[in-house]
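Reader: I'm new to reading protein structures, and I'd like to know how you get from atoms to words. Can we go through this one together?

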Amino acid sequence: MSEENNNKFIRRMIFLGIIQIIFILILVGRMYYLQVFEGPYYHLLAEGNRIATRPLVPLRGQIYDRHGVPLAQNETNFRVVFLTDKRAEVEDTLNMLSGLITLSEEERKDVLNIIRKKRGLDSVIIKDNLTWEEVSAIELHTVDLPGISIEIGSTRTYPQRLAGAHLLGYVASSSEKEQEEDPMLTIPGLKIGKVGVEKYFDKYLRGMPGHSAFEINAKRKVLRELYQQASTAGQDLYLTLDSRLQDYVQDVLSRYESAAAVVIDIQNGDVLALASHPSFDPNLFPQGIGHKPWHELQENPYVPLTNKAISGRYAPGSTVKLLVALAALQSGIIDKNSTVYCPGYIYVGDHKFHCMHSHGNVNVSRAIIESCDVFFYEISKKVGIDRLSALYREFGLGEGGLENFPHSKKGLVPTKAWKIEKKNANWTISDTIQASIGQGYMLATPLELAVAMARLAGGGKKLVPRLTKEEHLPFSDMGFEKRHLETILEATRGVVNFPNGTAFRNRIMAAGQEMGGKTGTSQVRRITMQQRKAGQTKTHHLPWKYREHGLFIGWAPIQNPRYAIAVVVEHAGGSGPAIQAARDILQYAQNLGREAVQ
Amino acid sequence: MTSDVLTSRFQKFTQLNWGIFFLIFLISAIGWGLLVSAAGGDVHLWASRQVIRFCFGVIIMLSIALVDLRWWLHFSYFFYAVSLVLLCGVEFLGFIGKGAERWIDLYMVQLQPSELMKIALVMALARYFHSRPSPLTFQQLLFPFLLIMLPVILVLRQPDLGTAMILLMVGGTLFFAAGISLWYFGVVLMGISASIPLLWGFLHEYQKNRVLIFFDPSHDTLGAGYHITQSKIALGSGGLWGKGHMQGTQASLNFLPEKQTDFIFTLLCEEWGFAGGTFLIVLYIFLIILCFRIILTTQNAFGQFVATGMTMTFFLYVAINIAMVMGLLPVVGVPLPLVSYGGTAMLTLLMGFGFLLNVGLNRNLKIPSHSIGIF
């Protein structure tokens, strides 16, 4: 090669060499970018490749009564699941499985449905609550059952069964709609509260799910478990309920066809018992209630699934007379000696309003003790509906009681404005009169009545009912004069313990345990719960049961107010049964109170 | 005579460029270690076979190196012709492996003519340019142009995009080395750019896919884009120091495909990190620098061109494979030299080094341009 050509060659070769170096530097730069700069990101993806996670269901918090008696517990059980990476063999596997355990056609269909619909799933629960025989049978045949695995799960049980079922509620699997709103609920096996305390405190009780991580290869085959992030158990709940009292109340109510009762601690607002009859067994629900039991519950004319203590709205009847009296005393319209003459009736326009019988001259005390309507008709005209309804509300009527509690309803305290809005009519005097004896448009729930009684007996403090023990802030004073309250309370003692009292026959005999209260009956102009359910909303639909509901609100012991109670017995025909129930319950409660140091 | 031959042979042996030899060995050894890891600790699956091939290849390499360079000058065109015939043979007799006609099954050994051609082309072009020193007329350029295009077209029909690219680039480099006027390069580049749309139509479906994936990896992350996506994940997750020998989770769990062949560099990077990857690259750089020393100190044209061609081929293997596993180039199936598992590639590579070493030995030899190498 010539000199010139050689130099050219060398020049070009050097040029080539430089190009090569530059290219290599680009490669190294790229490597640096991917490994150092973006390293953590790729590390994440690499882990994402090889790690699959399965959620772990958290253990639900258990529910206890105030003494630690379990009301809702978790029992471990076994369930059989199908691991969905063997999707293709599911039909054969299910066939094989139904030879070993009882698998209904419905359960089969459900499993197949879920597998078809939900693609991202890891496992599907085929059957819960396996018997030991079923578990053994499956374990024996694991070779023939690809993709089948036995898991330990837990079932919610309610040892108290019927007692307190309404208040406690129950858990069950979440619906698709609920799952849309909260993706956490898609975890198989996770149950949520559907009604009652289980629902009210659901977030508190639920806990946080954990997960176990598995290493998988490119074929999504599980190789080994890498680690487990334990789930956080839900927090246990201690209610103010006394399960012995609750049990007793439920028992007492079962003497009747349909009833409800609430017992509140006057000092701190603790709900000691809240019962509705007939009741149901909440244990039916966590695994999914069968069609037959569900139908039975639905068809029962006494609507066992309704919590009448908080959802039942009844005309409070004469029980509100205590409040009317207070309104009159407080506003100075009467004093404790003022009298009204009761001939047994009064006229409003040409409408005749009756009284039980002619009471003659009555003062407020006698009017309460003997439940004279005319007295209250007269004073209510002077008190006026505005003051009256305001006071009713002060005492909790129409307010509900337990804020945001599932299925909690508010009663109805009518006002002038209300009537115009809802009935498109003006308020009349006869409306006021009706309202003074707790009839007409008025409605209240047993809980509201118990709260009203507790507020009265507690010395006019604005008591707030509560289900769990928190720090007790003193209730605010509602501003009623002590002497007026005392007049009323004295009268309530008379209702039960004076011979002329409407509840005399059913008083508590045991000394030191006497109760005070007020009787009431509510006319069944209003439609009962069962009829509303059946769509019967017109008066001519009323069945042969024309009997009125019986009500009683009471408190004990009269020397030192401790317990307040409200009882409603549907279609009792009079307040007798309600008073008897209250008597037995208050006596029992006081006996309990003497045993234990609260 | 024989003892003279033997002593001269021995003398030649000692004069071999040991630096190159050592680097070849070191790089290959790294490869063996990686193959053990790729096989999950199994030495016999890939690693031991690679070692045997390596030994076999070294013997061939030395045999080629110790022969007088002028023999190779003599046989250049013949070598080329044989390779071309074998390439044609693949067309008509080919054994279909991996969806591409690339192999001829010769009972014991699977021969890949396209690999052979890479060497043969260099030899042929080297001889041609040796005999016609610069400047060259246009007519004189037609023959070498044909020398390049014939195998390129045959290889493209197989289809083997990677080899075609390498043949073109090596050929182009030799043109460049021979001192061809730069104007020609400009024209050729424009010609290529203009004909890309036409060439696109000739590509097979999976090749088109690969190019599309290159421009947008998210296009099909589970299909054609899977390899490159997984490669980047495995590579990137290695970080600075890597996960350690046999700790490469992506490779061991089979997320990384072709980990013993095309993507072995990724495996290196997953297990040894940026440090490991850079180390190997530095070794390659040293090797290439040593090759360049030979190129620049050789006194004969034939040797210069042969050395240039072999070095460029080697460089292209390294550059294309590494760029590919990092997503800088479309996937074209080019192995990482001396490290990737594979028989023919290793063999022809070592053959190439044999020629290179030969040139190195004979760098002071002056060969007249009219020589046809017969003595």
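Reader: What is the order of the strands in the open sheet of 5 strands in chain A, and is the pairing parallel or antiparallel?

Author: Keep in mind that this is a predicted model. The order is β12-β11-β19-β18-β17 in chain A, and the pairing is antiparallel. From one strand to the next, the twist averages 5°.

Reader: What makes β12 and β17 of chain A the edge strands?

Author: Each of them pairs on one side only. That goes for β12 (271–277) and for β17 (516–522) of chain A.

Reader: How do you know that β18 and β19 of chain A pair?

Author: Two strands pair if there are at least two bridges between them. Strand β18 (residues 549–556) and strand β19 (residues 563–569) of chain A have 7 bridges, in the antiparallel sense, so the rule of at least two bridges is met. You can look at one spot yourself: Gly554(A) stands opposite Ile565(A) in β19(A).

Reader: Which helix packs on this sheet, touching β11, β12, β18 and β19 of chain A?

Author: That's helix α18 (residues 446–457) of chain A, and its direction makes about 150° with that of β19(A). Helix α10 (residues 243–253) of chain A lies across β11 (259–265) and β12 of chain A, at about 30° to β12(A).

Reader: What is the order of the open sheet of 3 strands in chain A?

Author: It goes β1-β8-β9 in chain A, again with antiparallel pairing. The edge strands here are β1 (51–56) and β9 (222–229) of chain A, each pairing on one side only. The twist averages 25° from one strand to the next.

Reader: How do you know that β1 and β8 of chain A belong together?

Author: Count the bridges: 6 of them join β1(A) to strand β8 (residues 210–216) of chain A. The rule asks for at least two, so this counts as a pair. For an example, Leu56(A) has Gly210(A) as its bridge partner in β8(A). Helix α2 (residues 39–50) of chain A lies across β1, β8 and β9 of chain A, running at about 65° to β1(A).

Reader: Why is the link between Asp431(A) and Lys419(A) called a salt bridge?

Author: The rule wants a side-chain nitrogen of Lys or Arg within 4 Å of a carboxyl oxygen of Asp or Glu. In this pair the closest N and O atoms are 2.7 Å apart, so the link qualifies under the 4 Å cut-off. Asp431(A) sits in helix α17 (residues 429–436) and Lys419(A) in helix α16 (residues 416–423) of chain A, so the salt bridge ties together parts that are 12 residues apart in sequence. Over all chains, the count by this rule is 29 salt bridges.

Reader: How many salt bridges does the rule find across the interface of chain B and chain A?

Author: It finds 0 there. There are, however, 8 residue pairs in polar contact between chain B and chain A, counting those with both residues at pLDDT 80 or more.

Reader: What else makes up the contact, and how many residues does each chain give?

Author: Chain B gives 50 residues and chain A gives 35. About 3700 Å² is buried between the two chains, and carbon and sulfur atoms give 73% of that. In chain B, the residues losing the most area to chain A are Phe176(B), Leu253(B) and Phe274(B), together 17% of what that side buries.

Reader: Which helix gives the most to the side of chain B that touches chain A?

Author: α12(B) does, with 12 residues. That side of chain B divides into 30 nonpolar, 18 polar and 2 charged residues.

Reader: What makes the peptide bond before Pro278(A) cis, and where does Pro278(A) lie?

Author: The bond from His277(A) to Pro278(A) has omega near 0° and is cis. Pro278(A) lies in the loop between β12 and α11 (291–299) of chain A. Another cis bond runs from Ala556(A) to Pro557(A), with omega near -15°, and Pro557(A) is in the loop between β18 and β19 of chain A.

Notes:
Residues numbered from 1 in each chain as written. Chains lettered and ligands numbered in written order. Predicted model: local features only at pLDDT ≥ 70, side-chain atom pairs only at ≥ 80, totals over all residues. Heavy atoms only, no water. Helix = DSSP H or I, 4+ residues; strand = E, 2+ residues; numbered from the N terminus. Axes fitted to C-alpha atoms, helices over the stretch in contact; angles between N-to-C directions. Contact = heavy atoms within 4.5 Å. Buried area = accessible area lost by both parts, 1.4 Å probe. Polar contact = N/O pair within 3.5 Å; in protein donor to acceptor, adjacent residues only side chain to side chain. Nonpolar A, V, L, I, M, F, W, Y, C, P; charged D, E, K, R; others polar.
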